[in-house]
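The following questions and answers examine side-chain contacts, burial and backbone geometry. Please keep the sequence and the coordinates at hand while reading.

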Amino acid sequence: MDQVSLNSEPVNEDEAADGYEVEEDGDLGINGGETSLLIQGENPIAPAVGMEFETYEDVYYFYNCYAKDQGFGVRVSNTWYRKSREKYRGKLSCSSAGYKRRSEANRPRPETRTGCPAMIKFRLMESCRWRIIEAELEHNHLISPVSGKFYKSHKQVGSSRTVLEDGAGEAPKARTFRTVVVDAGGDGNPQLQDVDKRVWVHDFNQLNLKEGDARAVHDFFRRSQLNDPQFFYAMDHNEKGTLRNVFWADGRCRGAFKYFHDVVAIDTTCLTRKYAVPLVVFVGTNHHGQLIIFGCGLLAGETADSYTWLFRTWLTMMLGHPPQTIITNQSKVLQAAISEVFPKASHLISLVHLMESYPCRFRGLFDSDAVRLDFNRAVYDSVKTEEFETAWERLTKRFGLLESDWFKTFYEDRKRCVPVYVKDTFLAGLFPIQPTDSAPPMLLSYVHEKTSLTEFFVKYDEVAQTMNHMETMADVESRNGSCVLRSRCHFELQVSKLYTSTVFKRFQDEVEAMYSCTSTIQMNDDGPTETHIVREHVPHDVNRSEAREFEVSYNPSEGDVKCICRLFNLKGYLCRHALCVLSQCGLVEIPAQYLLSRWRKDIKRTYVVDHGHDSGTIDTRNPVNRHDHLCKVIVQIAEEGCKSRERYKLALQLLGEMMSRAKVVEDDGL
């Protein structure tokens, strides 16, 4: 009987009713001569419950690689089959497991087995992956990788990590593994972590630094601190003192957060795609709708611990003010970490990233015009949740998508990614609501898969300078440029005096589209709130348009207006339907609550971290504290001085006078 390890998952014993078990005593035995496989491993990680692999053979190769490194052989001791001859469960053991059967020979071979308990059990999951469900690592005999003992299973094992396929007459090719590590801790819901790479054994406990990378990190932090007294960075080391995770943010990032902290997107594309730079970026949008960086991190891997450390560090840097809404990709590990660190924030999944992750095996189906058209209509054109549910049911049944794992997962996450479900959350234009909307480029236009860490930090400075320059130029244009009005609408004139040029131009599109709303019917005006039906003629294709109706509620006494399309929440300004109702009701100005300060051009924003510079809280006896406090105050002076040539001259003059006076003050010895 198999021993039960405490390091195991519960197993459904009912599976045995669907098939039968075959006891085996040998290696995998797939090297038939057509293909010889060479497995090579350098310090591979130990098997653990929750690890997942693409195939039965992948599990064997992984365990065999680990066995060679530790110094023991591997045997396939049990395999479970369904009645259809499909494998659904297996057990790999140490070659010293069990005992040999007694032999009737005159000179039986001496017993070499010890009944060793070391083994792993694994089974086929609904996801069609093989998951380790039980693992016992302890042996009851000595093992040593340097003993030089030969094991039959090690005919296939070499000395590097990559698994190679050496086909007849072909150069060796790297075999790609897709492994999923499952973290079953916490609330008991497995957290999936995708790993797609050729180097299939990855150490999530330290950064994969190449020669010169550590120096590049050190030089970047030192240079940044010299140029920016409010630059912040943190390093996380493992138990051996090796660098594991890194975070940094400059003073401008930290100062901007107090104005635009409502919506934050966390981009993990470089990390999930296994770029040489495992980058995670926190971004938002400024008053021009431009991207602005709130901080960056380098992580050893996509683990709950790394994400939790990063988020807690970022929150500390932002002085404990969490964002209202967070947008990420679909990672379960990422979602678990956000729930722990930001429990009150609305967590949404980027629809653009979901579409980019569409599985290759469905790509041919999805590229068909009929599926794409119906999918886009269901996701983007549904005004009510009931419309989406009906359209989704029709889509999945028509094209036979009910058994697709991707579509199942998408539907499960619909309340976090489909616009009709998230439209009550303020998103500041950072969430795509149309198929033509693209994902924010962030740093990806400057970083590719093989960009080194040294190259990255040089480009990071270029990106930061470019973003700062673009915001400064947009500020100048908004303050000094003249807005060209497209209509005689009072709403357009009102907003032109308040909003920055970029946001105003987007609002103008809604003003122009008011004239495509041809009919407004007032209904249900018994109470203080009126309900209006606005009919809009939406272009359907080149030759025809489609009439669609939108409900708009309006409370004249409170000035509240809400359209069922919720464009105000999604992008931060009123839609054409709401404007149409306000105009019909005789209003010449938009109510104040719908003019957001985050888009205004007349607000003077100082990107300086507000530490509450009260000298009473500073230990003036400590020269380090005095230095830090003065630096923070002087940064505020510099921010004011750079806004105009006159302020610059005045600030420079006053600083010179301060320097002269400070030099003649008598020291008190402290």
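Q: About how many helical turns separate Asp-219 and Arg-215?
A: In this predicted model, the two residues form a salt bridge whose closest N and O atoms are 3.6 Å apart. Both belong to helix 2, which covers residues 213-227. Because Asp-219 and Arg-215 are four residues apart in that helix, their separation is about one helical turn.

Q: Which of the three classes, buried, partly exposed or exposed, applies to Arg-215?
A: The class depends on relative accessible area, and exposed requires a value over 50%. Asp-219 has 24% and counts as partly exposed. Arg-215 has 52%, so Arg-215 counts as exposed.

Q: Which residues are joined with Arg-215 into one salt-bridge network?
A: The pair of Asp-219 and Arg-215 is a salt bridge. Salt bridges that share partners extend this into a network. The residues joined with Arg-215 are Asp-219 and Arg-222.

Q: How many residues apart are Asp-461 and Arg-223?
A: Asp-461 and Arg-223 form a salt bridge, with the closest N and O atoms 2.9 Å apart. Asp-461 lies in helix 14 (residues 453-480) and Arg-223 in helix 2, so the pair links distant parts of the chain. Both are partly exposed, Asp-461 at 24% and Arg-223 at 33%. Their distance along the chain is 238 residues.

Q: Is Arg-414 buried or exposed?
A: Arg-414 forms a salt bridge with Glu-389, the closest N and O atoms being 3.0 Å apart. The pair ties together parts 25 residues apart in sequence, because Arg-414 lies in helix 12 (residues 414-417) and Glu-389 in helix 10 (residues 385-398). Glu-389 is partly exposed at 24%. With a relative accessible area of 14%, which falls under the 20% limit, Arg-414 is buried.

Q: How many salt bridges does a search of the whole structure find?
A: The bridges discussed above include that of Asp-461 with Arg-223 and that of Arg-414 with Glu-389. For the whole structure, the search gives a total of 24.

Q: Why is there no bond between the sulfur atoms of Cys-296 and Cys-253?
A: A disulfide is a covalent bond between the sulfur atoms of two cysteines. The cut-off for such a pair is 2.5 Å, and the whole structure contains zero disulfides. Cys-296 is buried, at 0% relative accessibility. The closest cysteine sulfur to that of Cys-296 is in Cys-253, and this is too far for a bond because the distance is 6.9 Å.

Q: What geometry do the rings of Phe-375 and Phe-407 adopt?
A: A search of the whole structure finds 45 aromatic pairs. In the pair of Phe-375 and Phe-407, the ring centres are 6.2 Å apart and the planes meet at 80°. An angle over 60 degrees meets the criterion, so the geometry is edge-to-face.

Q: Which helices does the pair of Phe-375 and Phe-407 tie together?
A: Both residues are buried, Phe-375 at 0% and Phe-407 at 2%. The parts they tie together are 32 residues apart in sequence. Phe-375 lies in residues 369-380 and Phe-407 in residues 405-412, so the elements are helix 9 and helix 11.

Q: Which ring does Lys-87 lie over?
A: Charges over rings include that of Arg-85, whose charged end sits over Tyr-81, 5.2 Å from the ring centre. Lys-87 is placed at 4.0 Å from a ring centre, over the face of Tyr-56.

Q: Which elements give two or more residues to the nonpolar patch?
A: Leu-630, Ile-634, Leu-655 and Met-658 form this surface patch, with about 350 Å² of accessible area together. The elements in question span 623-641 and 645-664, and they are helix 19 and helix 20.

Q: What is the phi of Ala-428, a residue that is not a glycine?
A: Most residues other than glycine have a negative phi. Ala-428 lies in the loop between helix 13 (419-422) and helix 14, and is buried at 2%. Its phi is positive, at about 55°.

Key
Residues are numbered from 1 along each chain as its sequence is written. This is a predicted model: local features need pLDDT of at least 70, side-chain atom pairs count only at pLDDT 80 or more; totals for chains, interfaces and linings use all residues. Side-chain values use heavy atoms; hydrogens and water are left out. Buried means under 20% relative accessible area, exposed over 50%, partly exposed in between (1.4 Å probe, protein chains only). Rings of Phe, Tyr and Trp (its six-membered ring) pair if their centres lie within 6.5 Å; planes under 30 degrees apart count as stacked, over 60 as edge-to-face and the rest as tilted. A charge sits over a ring if NZ of Lys or CZ of Arg is within 6 Å of the ring centre and within 35 degrees of the ring normal. Patches are made of residues with over 30% relative accessible area and no salt bridge: like charges are joined within 9 Å, nonpolar side chains (Val, Leu, Ile, Met, Phe, Trp, Tyr) within 5 Å. Accessible areas come from the Shrake-Rupley method with a 1.4 Å probe; for residues, only the protein chains shown count as cover. A salt bridge is a side-chain nitrogen of Lys or Arg within 4 Å of a carboxyl oxygen of Asp or Glu.
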